[in-house]
Amino acid sequence: MGFALFSSAHHAIAAKAALQDLIFDAETKTALHTEMAKKNLFVKRGVGNDANAMDQSKRLRTGGDYTHSPYAAPPYHPPPPAVSMWGTPGYIAAPPPYNHYAAYSVPPVAMTSPSPVPGPTAYAPVQNTKDNPPCNTLFIGNLGETVIEEELRSLFSVQPGYKQMKVLRQDRNTVCFIEFEDVNAASAVHHNLQGAVIPSSGRGGMRIQYPLFAQ
């Protein structure tokens, strides 16, 4: 197992969602499992490596509970205001915003004015009982690995308020994130295209949700 400390809970949740079930060993088909730790990763700054090793050992044995130990709990820092999930990394003095898609190879796509296309001709019922609060970004699930990206783009890019789209492909699963100008535009698509059948997907109706990390 391993621990990773992020600058804010917002970034940690985003990384958890983006990396969950990612295949990181092609030979054994081993998938990455991510979950939130009970406490922030905290290493006491002492003299020499022995102090660091002792503190890490203490944390693992106590599950991060410093209530009855001589180690002080880390100071609480309120999370910064939410940043855009679409930020691109840049070489500047300050650290760039976290890029949720840095681990995926997503080639840039030239944005042209799309031609109007008709809506899907079929809809199917989907299970969508655990949705998150509305926001201006939509998560598109229940897509097969054979789904054609241009087919998705043709459907969503003509919707009012559309800004941009990211498609993430894994071994046997494909998901899509779509950003809109505002919550109202995203909510309209969430309602109107719920369960729409994409012919190249092969998995029935797509599931449209509000992602947790885009709040």
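What share of the 215 residues of the protein counts as buried? In this predicted model, the figure comes to 32%. The accessible surface amounts to about 13,800 Å², and carbon and sulfur atoms hold 57% of that area. The secondary structure consists of 4 helices and 6 strands, arranged along the sequence in the pattern α-β-β-α-β-α-β-β-α-β. Among contacts with a separation of 6 or more, 66% link residues that are 24 or more positions apart.

Strand 5 makes a good place to start a closer look. Strand 5 spans residues 174-180, and 7 of its 7 residues are buried, so this strand is largely enclosed by the rest of the structure. In a regular strand, side chains alternate between the two faces of the sheet. Here, Thr-174, Cys-176, Ile-178 and Phe-180 point one way, while Val-175, Phe-177 and Glu-179 point the other way, and all of them are buried.

Strand 5 has pairing partners in strand 3 and strand 4. Strand 3 (residues 137-143) runs antiparallel to strand 5 and is joined to it by 5 bridges; within this pairing, Ile-140 has Cys-176 as its bridge partner. Strand 4 is also antiparallel to strand 5, with 7 bridges between them, and Gln-164 is matched there with Glu-179. Strands 4 and 5 form a hairpin, with 4 residues between them.

The hairpin also carries an aromatic contact. A search of the whole structure returns 2 aromatic pairs. One of them joins Tyr-162 and Phe-180 in an edge-to-face arrangement, at 6.4 Å centre to centre and with 80° between the planes. Because Tyr-162 belongs to strand 4 (residues 162-169) and Phe-180 to strand 5, the pair ties together parts that are 18 residues apart in sequence. Tyr-162 has a relative accessibility of 14% and therefore counts as buried; Phe-180, at 0%, counts as buried too.

Phe-180 appears again in the nonpolar interior. In soluble globular proteins, nonpolar side chains tend to be buried together. The largest nonpolar core contains 23 residues, of which Leu-138, Ile-140, Leu-152, Phe-156, Ile-178, Phe-180 and Met-206 touch the most other members. Two or more residues of this core come from each of strand 3, helix 3 (149-156), strand 4, strand 5 and helix 4 (183-192). Leu-152 offers a worked example: leaving aside residues up to four places away in sequence, Leu-152 touches Leu-143, Val-147, Met-165, Val-167 and Ile-198.

Conventions:
Residues numbered from 1 in each chain as written. Predicted model: local features only at pLDDT ≥ 70, side-chain atom pairs only at ≥ 80, totals over all residues. Heavy atoms only, no water. Phe/Tyr/Trp six-rings, centres within 6.5 Å; stacked < 30°, edge-to-face > 60°. Buried < 20%, exposed > 50% of the residue type's maximum accessible area, 1.4 Å probe, protein only. Pairing = 2+ DSSP bridges. Core = buried A, V, L, I, M, F, W, Y, C linked by side-chain atoms within 4.5 Å. Contact = heavy atoms within 4.5 Å. Areas by Shrake-Rupley, 256 points an atom, 1.4 Å probe, with all protein chains shown as cover.
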